[in-house]
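User: Please take a close look at one part of this model, the surroundings of one bound ligand, and describe them in a connected account.

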Amino acid sequence: MNYELIGITVLWIFLYGYLIVASIDFGAGFFAYYAKLTKKDHIINQLISRYLSPVWEVTNVFFVFFFVGLVGFFPDMAYYFGQSLLVPGSIAIVLLAIRGSFYAFENYGSKDNHLYMFLYGATGLLIPASLSTALTISEGGFIEETANGVQLLYGKLLTSPYSWSVVFLAVVSVLYISSMFLTYYANRAGDKPALELVRKYALFWSSPTIIASLTTFIALSQQNLEHYQRAIELWWVFGISVGFFLIAVFLIYIGKYYGWAFIAVMFQFLFAFFGYGASHLPYLLRPFVTLSSGVTNETMAISLIIAFIAGLFLLIPSLVLLMRMFLFDADYVKGKK
Amino acid sequence: MFEYDSVVMSRMLTSLTLAFHIIFATIGVGVPVMISIAEFIGIKKKDPHYTLLARRWTRGFTITVAVGVVTGTAIGLQLSLLWPSFMQIAGNVISLPLFLETFAFFFEAIFLGVYLYTWDRFKNPIFHWLLSLPVIIGSTMSAFFITTVNAFMNTPQGFDLEGRVITSIEPLAAMFNPATPTKVFHVISSSYMTSAAILATITAFIILMKKGSKYHKKALKLTVVATFIFSIMTALAGDLSAKFLAEHQPEKLAAGEWHFETEEGADLILFGTINENNEVENAIRIPKALSFLAHGDFNAEVTGLEETPEEERPPLWIHYMFDLMVGIGFFTLGITFLYLVFWKVKKWNEYNPLLLWGIASIGPLSMLAIEFGWIFAEVGRQPWILRGYMKVSEGATTSPHVDWMFVLFIALYTVLAIGCITVLRKMFKNNPAELELESRYPQVAATKEDD
Ligand code: HDD
Ligand code: HEM
Ligand code: HEM
């Protein structure tokens with residue numbers, strides 16, 4: 001394996017990690033607001049804040065890790081993405097900032113503030129939508145390089161069916177992943193009314209997820225035929241993903257093994273995400289940056305990989321500790337601690 | 001305003017975000033140290049006053065951390081969004097510490113989460129105290145890593161540049177460049193000092209307003225002593241930084257000191273003004289002191305600004321930034337020393353209102369010193385973004401929308417600042433220390449003796 005492949009694999013794993021933990025968080029924001037509107041907030045909001053408050057900072061670091069690592073391994077991406085994404089990037093920062101401060105401020109009154117709850121819910125959907133544009137743009141055709149530098153073609157981006165189908169997919173996946181997780185968590189907490197509510201959400205959001213995946217596939221064939229064909233060659237990867245989807249929905253439907261159901265969801269997205277990533281290569285940003293043209297020099301690549309391995313020795317034990325304290329400590333989950 | 005220019009706007013937006021982030025970053029680096037000290041004393045002395053102190057500081061800290069994290073995420077993204085060409089070049093050489101920094105964040109974030117939610121989970125409180133150590137290590141290491149990046153911008157090394165191609169890269173040499181040791185020492189010590197000073201300010205203010213209880217008096221002693229120690233460290237580190245500048249970045253020191261001609265036994269100029277012939281007026285001159293500051297020898301030769309080509313000289317107004325920073329440093333040192341004297345001399349009253357007002361001023365002043373210090377350091381690097389290799393104007397984005405983003409971020413930081421202040425006020429107003437002491441440790445609150 002060469003350095004650039006190791007690099008992109010590491011980054012992709014972290015982006016996958018962010019996709020899962022951030023979706024749980026984003027979706028929960030939407031459900032919290034929805035529950036407040038429908039006067040069911042007393043049922044689930046306690047559950048949500050017990051899990052989310054201790055971990056939101058960790059979620060944020062996943063994201064920071066991804067973009068810092070991307071610039072480290074592929075400095076050319078900093079140039080092209082940096083030049084073209086100023087406006088969408090800044091909007092995403094503002095949304096992330098509002099959301100991050102919510103967790104800090106919530107215990108001191110903002111929970112009763114309707115505007116703040118609305119922003120908390122809305123950012124949960126807008127952030128995935130705005131972050132997903134970075135993936136859309138990487139397919140090519142949305143930025144041009146002129147003598148004045150690199151520019152984003154807003155008109156094209158806003159009228160492209162592909163770009164909208166990606167946004168749609170991002171939003172429904174967030175709601176699906178989040179409700180699947182909350183179902184599992186409510187069950188662990190032994191909270192029957194909450195379980196009933198979030199289980200309904202989970203079943204509801206499963207079909208849009210699979211539909212959105214299909215429409216995105218079709219739109220991709222129009223946006224970037226080459227990528228689409230490489231994806232078709234990897235059909236079995238996407239097939240396995242659909243298989244896990246069916247297992248997850250089935251388990252939720254029969255109302256048993258919620259833990260396994262969520263693991264199936266994680267595998268569903270693992271396969272889909274890596275299938276998408278693998279077929280995206282060799283381009284990182286079509287047609288400007290490929291895996292081998294954009295990679296940093298060998299010395300830096302090696303030192304980043306060493307740093308990464310050393311870092312994992314630090315992180316994995318600490319993450320296990322965190323999960324044991326808040327996720328798997330039955331008393332904490334039940335609210336006794 | 002001025003003619004539209006994305007370079008100017010990018011600089012303004014970068015300055016805005018950094019100036020805002022640095023407030024919370026400084027608190028993020030220093031306050032965990034103070035919390036840990038207070039909790040440790042509380043356990044050793046079995047004195048719930050100190051434990052309560054640690055608890056209350058921690059609670060305030062959760063708010064500032066959150067703002068630190070979101071503004072840090074902003075600056076992290078903005079570095080690529082506003083300086084794409086710079087990051088493309090620099091990313092090849094200096095991404096190692098940036099990458100390592102994310103691990104430090106990870107480490108800090110995980111243990112902060114655990115620390116916050118486990119106050120009463122352990123039978124032996126020392127285990128909870130142990131959890132504060134990884135938080136300190138994580139935040140101080142993140143200050144260390146990010147400061148090496150900034151040091152690299154001042155004295156780049158560890159690579160060769162041939163045209164636009166970079167070769168012979170040595171990541172460790174880039175990280176441990178000549179500016180790193182003094183810069184790291186000064187940044188970390190000034191963060192500790194400023195955090196201790198802010199906590200001292202809050203305590204002194206409460207004693208002034210409401211004649212604080214025993215709890216507040218203990219808090220005042222702890223924070224003022226800590227500020228005193230950390231400000232000695234900061235002054236020492238600052239002195240070393242000046243010696244570093246004299247050797248490796250003489251134009252920054254010369255511009256900061258209005259030292260135009262290379263000479264031996266150079267005078268130190270305090271404040272003053274400059275007339276149109278570049279002559280210094282109205283200043284206080286300390287004979288030969290600049291030579292001492294720069295080389296530790298009153299007769300040493302100090303390089304003047306004349307040796308730097310005109311178009312590569314930093315602006316002269318940074319002189320005031322330097323003087324204000326140093327002035328605040330010595331003022332803080334003086335006030336905290338005075339408190340120690342008043343405390344040790346039995347006849348004198350260390351709760352003298354004038355002295356308390358002095359202490360109440362050191363927190364905001366130290367934070368200003370941080371801002372002045374950074375402006376001195378960053379503007380003093382002008383016109384370079386990578387000294388000797390790349391000018392600021394070559395590094396900036398060419399996007400025409402930076403002005404609107406500037407407006408957007410002003411709005412964001414205003415909202416964050418207001419939210420932060422409102423929440424902190426609510427948090428402590430509705431729950432004063434006396435009440436919390438009574439509800440948590442009723443046996444202590446009952447014995448209300450005063451000494
Ligand atoms: C509480 C804050 C504070 C205080 C009291 C001082 N400083 Fe400072 N100073 C900083 C906070 C700071 C800083 C924010 O940490 C800077 C900005 C960039 C840096 O490296 O550290 C800095 C930079 C800085 C530099 C430039 C370093 C460089 O660009 O590489 C010098 C020469 C000094 N300081 C010298 C001093 C001296 C002689 C002081 C005497 C007491 C002093 N500082 C007090
Ligand atoms: C790794 C750390 C840092 C990096 C990479 C960095 C980078 C930059 C860049 C790219 C600029 C714009 C170019 C320029 O005007 O010089 C800048 C300017 C500036 N930075 Fe830094 N900076 C760092 C640390 C800080 C910190 C922590 C502060 C604290 C406030 C700060 C304060 C400023 C200020 C005030 C300016 C504006 C200078 C001017 O007006 O010309 N910097 N910095
Ligand atoms: C260009 C300069 C800087 C960049 C790019 C930067 C980046 C960041 C980022 C991305 C975060 C959020 C991390 C998270 O998600 O947990 C952050 C937070 C933080 N930064 Fe900065 N930072 C800069 C300057 C500084 C400086 C100069 C210091 C120290 C003196 C510092 C200290 C911290 C600390 C301690 C935190 C953790 C939050 C807290 O505890 O308050 N940063 N920074």
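Analyst: A polar atom in the side chain of Gln382(B) is placed 2.4 Å from an oxygen atom of ligand 2 in this predicted model. The elements contributing two or more residues to the shell around this ligand are helix 1 (6-45), helix 5 (132-154) and helix 12 (353-379) of chain B. Helix 1 of chain B makes the greatest contribution, giving 6 residues to the shell around ligand 2.

Among the 19 residues around ligand 2, those that come nearest are Arg11(B), Ser15(B), Ile146(B), Glu378(B) and Gln382(B). Arg11(B) has a side-chain N or O atom 2.2 Å from an oxygen atom of ligand 2. Glu378(B), which belongs to helix 12 of chain B, enters the picture in two ways. An N or O atom of the Glu378(B) side chain is 2.8 Å from a nitrogen atom of the ligand. Glu378(B) is also the single protein donor to the iron atom of ligand 2, through OE at a distance of 2.2 Å.

Sorted by class, the residues of the shell around ligand 2 comprise 12 nonpolar, 4 polar and 3 charged. The polar contacts described above therefore involve side chains of Arg11(B), Glu378(B) and Gln382(B), set in a shell with 12 nonpolar residues. In summary, Glu378(B) of helix 12 supplies the iron donor, while helix 1 of chain B gives the most residues to the shell.

Technical notes
Residues are numbered from 1 along each chain as its sequence is written. Chains are lettered from A and ligands numbered from 1 in the order in which they are written. This is a predicted model: local features need pLDDT of at least 70, side-chain atom pairs count only at pLDDT 80 or more; totals for chains, interfaces and linings use all residues. Side-chain values use heavy atoms; hydrogens and water are left out. A residue is near a molecule or strand if one of its heavy atoms lies within 4 Å of it. A polar contact is a pair of N or O atoms within 3.5 Å; within protein, one must be able to donate a hydrogen and the other to accept it, and residues adjacent in sequence count only if both atoms are side-chain atoms. Helices (H or I, at least four residues) and strands (E, at least two) are DSSP runs, numbered from the N terminus. Ala, Val, Leu, Ile, Met, Phe, Trp, Tyr, Cys and Pro count as nonpolar, Asp, Glu, Lys and Arg as charged, and the others, Gly among them, as polar. Donors are N, O and S atoms within 2.8 Å of the metal (3.2 Å for Na, K and Ca); water is not among the atoms, so sites may look incomplete.
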